[in-house]
Amino acid sequence: MRRLTLGTIKMTLTTERTISSPLERDDFDSLLEMYSEPDSNKFVKPFQNKHPDFFSDFLNKRLLQNETSIGFWVVRCKETGEIMGTVNLNFFESIDGHHIGCHLKRENWNKGLATEILSKLVTYGLKEKGLNTIYGLVEKENLVSKQLLKKIGLHYHSNKEILNTDIEIYCT
């Protein structure tokens, strides 16, 4: 498994079942398949009903952002190396803070993987990056993700409309 470093900072995040490393162009095809799965973006309104070119542009922007500050990782199965999804910890201007996110292939839903991965990412953000607060953004209707954010230690903070969508904001 490849391991990227920036200076002396390890950029690979490892959990019991996964290894997450920064996005690379070779990952695009598998991620484009994930974004096109049924219900993949059910609770991500800005990603709904988009052409594959939209997602290619999105991934290219994440690739460029990672050149200055790693914030978008590809999640792989530790045993097989197969891509399972993505995870992110990025600065988001709309909330003036860093937020977490996780997008998994449908076959990886309901297995506790998002809890495992995001728990690791929150710890990384607070301890390694020295962030004081990490936010989780979720559409009001997404009950599963609200439970997930609570499970990993975030608590309700506020509501805000972002990109014409009612969002609940949780924080550490």
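A residue counts as buried when its relative accessible area is under 20%. The views below are close-ups of a predicted model.

**View 1. Pro 22 in strand 4 is a buried residue.** The relative accessibility of Pro 22 is 2%, so this proline counts as buried. Pro 22 belongs to strand 4, which spans residues 18-22. Thr 12 is separated from Pro 22 by 10 residues in sequence, and the distance between their C-alpha atoms is 7.3 Å.

**View 2. Helix 1 and helix 2 cross obliquely.** Helix 1 comprises residues 28-35 and helix 2 comprises residues 52-66; their axes come within 10 Å and cross at roughly 130°. The two helices are therefore oblique to each other, and the crossing is right-handed. Helix 1 contributes Phe 28, Leu 31, Leu 32 and Tyr 35 to the contact, while helix 2 contributes Pro 52, Phe 55, Ser 56, Phe 58, Leu 59, Asn 60 and Leu 63. By class, the residues of this contact are 9 nonpolar and 2 polar, with no charged residue.

**View 3. The buried residues of helix 1 line one face of the helix.** Phe 28, Ser 30, Leu 31, Met 34 and Tyr 35 are the buried residues of helix 1. Viewed down the helix axis, these residues fall within an arc of 160°, so they line one face of helix 1. Asp 29 and Glu 33 are exposed on the other side of the helix. The elements that cover the buried residues of helix 1 include helix 2, strand 5 (72-77), strand 6 (83-92) and strand 7 (97-104). Among the buried residues of helix 1 are Phe 28, Leu 31 and Tyr 35, which also take part in the contact with helix 2.

**View 4. The buried residues of helix 4 lie on the same side of the helix.** In helix 4 (residues 143-151), the buried residues are Lys 146, Leu 148 and Leu 149. Around the axis they cover an arc of only 160°, which puts them on the same side of helix 4. Leu 143, Val 144 and Lys 151 are exposed on the other side. Cover for the buried residues of helix 4 comes from elements including strand 7, helix 3 (113-128), strand 8 (134-139) and strand 10 (165-171). Gly 153 follows helix 4 and has a positive phi, near 100°.

**View 5. Asp 96 and Asn 110 have positive phi values.** Most residues other than glycine have a negative phi. Asp 96, which is not a glycine, has a positive phi near 55°. This aspartate is placed in the loop between strand 6 and strand 7. With a relative accessibility of 60%, Asp 96 counts as exposed, the cut-off for that class being over 50%. Asn 110, likewise not a glycine, has a positive phi of about 60°. The loop that holds Asn 110 runs between strand 7 and helix 3. Asn 110 has a relative accessibility of 77% and therefore counts as exposed.

**View 6. Asn 164 is an exposed loop residue.** Asn 164 is found in the loop between strand 9 (155-162) and strand 10. Its relative accessibility is 70%, so Asn 164 counts as exposed. Between Asn 164 and Phe 54 the separation is 110 residues in sequence and 18 Å in space, taken from C-alpha to C-alpha.

Notes
Residues are numbered from 1 along each chain as its sequence is written. This is a predicted model: local features need pLDDT of at least 70, side-chain atom pairs count only at pLDDT 80 or more; totals for chains, interfaces and linings use all residues. Side-chain values use heavy atoms; hydrogens and water are left out. Axes are lines fitted to C-alpha atoms, for helices over the stretch in contact, and angles run from 0 to 180 degrees between N-to-C directions. Helices (H or I, at least four residues) and strands (E, at least two) are DSSP runs, numbered from the N terminus. Angles under 35 degrees count as roughly parallel, over 145 as roughly antiparallel, 65 to 115 as roughly perpendicular and the rest as oblique. A crossing is left-handed if the near helix is turned anticlockwise from the far one by less than a right angle, and right-handed if clockwise. Contact means heavy atoms within 4.5 Å. Ala, Val, Leu, Ile, Met, Phe, Trp, Tyr, Cys and Pro count as nonpolar, Asp, Glu, Lys and Arg as charged, and the others, Gly among them, as polar. Buried means under 20% relative accessible area, exposed over 50%, partly exposed in between (1.4 Å probe, protein chains only). The arc is that of the directions from the helix axis to the C-beta atoms.
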